[in-house]
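Hi everyone, thanks for making time today. I'd like to walk you through a structure that may be new to you, so please have a look at it on the screen.

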Amino acid sequence: MDPIDRAFLANVMDLMLDAVCVVDGEGRFVFVSAAGERIFGYTPQELIGRPMIELVHPDDRERTLNAVAEVVADRHLPIFENRYLRKDGRVVHLMWSARWSPADGVRVAVARDVSARKRAESVQAALYAISEAAHAAEDLMALFAQIHRIIGGLLPAENFFVALYDAPGDWLSFPYFVDEHDAAPPPGALDAETLCAELIRSGRERLLSRDSADAATSAVHPDVGRSAVDWLGVPLSGSQGVIGALVLKSHSQEVRYGPADVELLKFVSAQVAAAIERKQSQLRLLHVAQHDALTGLPNRSLVRDRVATALARARRDGAGLALLYLDLDQFKPVNDRCGHAVGDGLLQQVAQRLKHCVRASDTVGRMAGDEFVVLLSHLHAPDDAPGVAEKIRQALCRPFEVAGHTVLVSPSIGLVGYPAHGEDADQLVQRADEAMYAAKRAGGNRVCVAGGGRPPGG
């Protein structure tokens with residue numbers, strides 16, 4: 001080719017937005033046009049002699065080598081897409097068109113950066129995934145973990161946390177916190193001079209770099225631990241105002257955040273806020289449906305579900321299980337003498353005493369009126385359940401102070417165990433109820449085991 005033509009061609013390549021690459025038979029770059037620096041982050045001189053496959057994203061290397069084999073075999077691939085790692089560590093999506101030149105022993109390829117299109121597709125997929133997660137996640141923690149995974153597919157999110165703000169209680173908490181260096185900060189009021197509190201108060205996103213002038217003059221401090229290299233936070237704006245924040249942190253110079261990341265996280269945060277509010281609403285409705293309004297305890301429906309679940313676990317693990325059904329002796333006279341407000345207050349205090357008598361893993365539920373159930377799971381010794389039953393009896397025999405009234409009651413308690421007294425939830429509840437009535441017929445203030453027995457201390 002004429003030298004003038006070569007110079008002209010070189011100038012044309014320099015003006016191209018697409019990168020022209022020539023790779024030899026060993027897979028090393030022998031030529032990269034000027035556009036390669038914009039795409040790869042390396043100058044053409046830095047790329048010459050370097051193996052092409054080193055720049056390919058690890059997850060795409062096998063697929064890329066298969067495509068190279070197709071090109072060398074003279075099976076032209078009009079479009080091939082893969083991911084490369086830029087010099088700054090970021091991922092770039094490329095669309096290639098390549099040809100093999102047998103005479104020169106090289107392949108010539110043109111690379112087009114399609115990262116913007118891929119990012120737009122990824123964001124749309126992320127928004128859909130967040131919406132789906134709000135329906136599928138069992139609870140808020142599961143939802144936060146899903147959101148972390150989804151955002152991690154859009155930008156570096158090794159260090160990520162969700163802050164939630166309860167406006168009525170003026171309480172800022174950190175229910176989900178993943179950080180390679182720091183533990184979650186303690187909850188506190190919104191007047192704290194921390195980055196997260198400031199972000200929620202102002203309702204404005206914040207990108208703070210440790211080496212920036214903004215960081216040097218800032219009057220606020222990181223929420224916890226060491227100062228990050230980059231701290232990126234956006235508010236979660238819900239239907240009732242700012243409900244919290246999403247925060248990304250980088251402790252490494254290798255991972256830096258910029259304005260494009262701020263805009264991306266802001267865009268996604270609207271869907272995240274909606275998902276959190278939706279899940280919170282679902283959980284509130286579920287709680288109302290499954291809990292007693294007066295005491296806050298699980299209601300009859302949830303108790304039966306808990307018993308069924310505990311039975312399945314007991315069958316699998318071979319552990320013991322017991323069910324206590326109790327009724328308050330002399331509760332009706334309290335209502336008649338002191339009024340229903342005192343009766344309601346008494347039931348609330350009974351619920352609290354019952355919860356203090358058992359482990360957090362056990363279930364205390366209200367079946368109806370003054371009838372309660374206690375589910376004891378993972379029992380290992382035969383006397384565990386009778387011991388707990390006696391502890392409950394003694395606790396409920398102590399005087400209650402309710403609205404200026406000293407109230408004395410006692411319980412009648414029926415006790416059953418698995419597998420001795422039943423194989424399913426309905427059977428166990430029914431037999432515990434029958435044992436409770438046997439205790440009441442015997443004069444009350446006692447524990448009766450199904451079948452007529454009495455445990456120690458009854």
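**Salt bridges, a sheet and some cysteines**

Let's begin with one pair: E193 and R201 form a salt bridge, and their closest N and O atoms are 4.0 Å apart. E193 is partly exposed, at 43% relative accessibility, and R201 is partly exposed too, with 38%. Please keep in mind that this is a predicted model.

How many salt bridges does a search of the whole structure find? The search gives 26. As a general reminder, side chains of opposite charge can pair when their charged atoms come close.

Another example is E26 with R28, again with the closest N and O atoms 4.0 Å apart. Here E26 counts as exposed, at 68% relative accessibility, while R28 is partly exposed at 34%.

Now, is E390 buried or exposed? E390 is buried, at 11% relative accessibility. Its salt-bridge partner is R393, with the closest N and O atoms 2.7 Å apart, and R393 is buried as well, with a relative accessible area of 15%. Both residues sit in helix α13, 3 residues apart, which is about one turn of the helix.

There is also a network: E81, R117, K118 and E121 are linked by salt bridges.

Let's turn to the sheet. Five strands make an open sheet in the order β12-β13-β11-β16-β17, with mixed pairing. At the edges are β12, residues 363-368, and β17, residues 446-449, each pairing on one side only. From one strand to the next, the twist averages 25°.

Inside the sheet, β11 (residues 320-329) runs antiparallel to β13 (residues 371-379), and the two pair over 8 bridges. One of the residues to look for is A322, whose bridge partner in β13 is L376.

Helix α13, residues 384-397, packs on this sheet and touches β11, β13, β16 and β17. The direction of α13 makes about 165° with that of β16. Helix α14, residues 425-441, lies across β11, β12, β13, β16 and β17, at about 145° to β16.

Last topic: cysteines. The structure holds 0 disulfides. For C338, the nearest cysteine sulfur belongs to C397 and is 18 Å away. C338 is buried, with a relative accessible area of 18%. Why is C397 without a bond to C357? The sulfur of C357 is the closest to that of C397, but at 11 Å it is too far for a bond. C397 itself is partly exposed, at 26%.

Thanks for listening!

Key
Residues numbered from 1 in each chain as written. Predicted model: local features only at pLDDT ≥ 70, side-chain atom pairs only at ≥ 80, totals over all residues. Heavy atoms only, no water. Disulfide = S-S within 2.5 Å. Buried < 20%, exposed > 50% of the residue type's maximum accessible area, 1.4 Å probe, protein only. Pairing = 2+ DSSP bridges. Helix = DSSP H or I, 4+ residues; strand = E, 2+ residues; numbered from the N terminus. Axes fitted to C-alpha atoms, helices over the stretch in contact; angles between N-to-C directions. Contact = heavy atoms within 4.5 Å. Salt bridge = Lys/Arg side-chain N within 4 Å of Asp/Glu carboxyl O.
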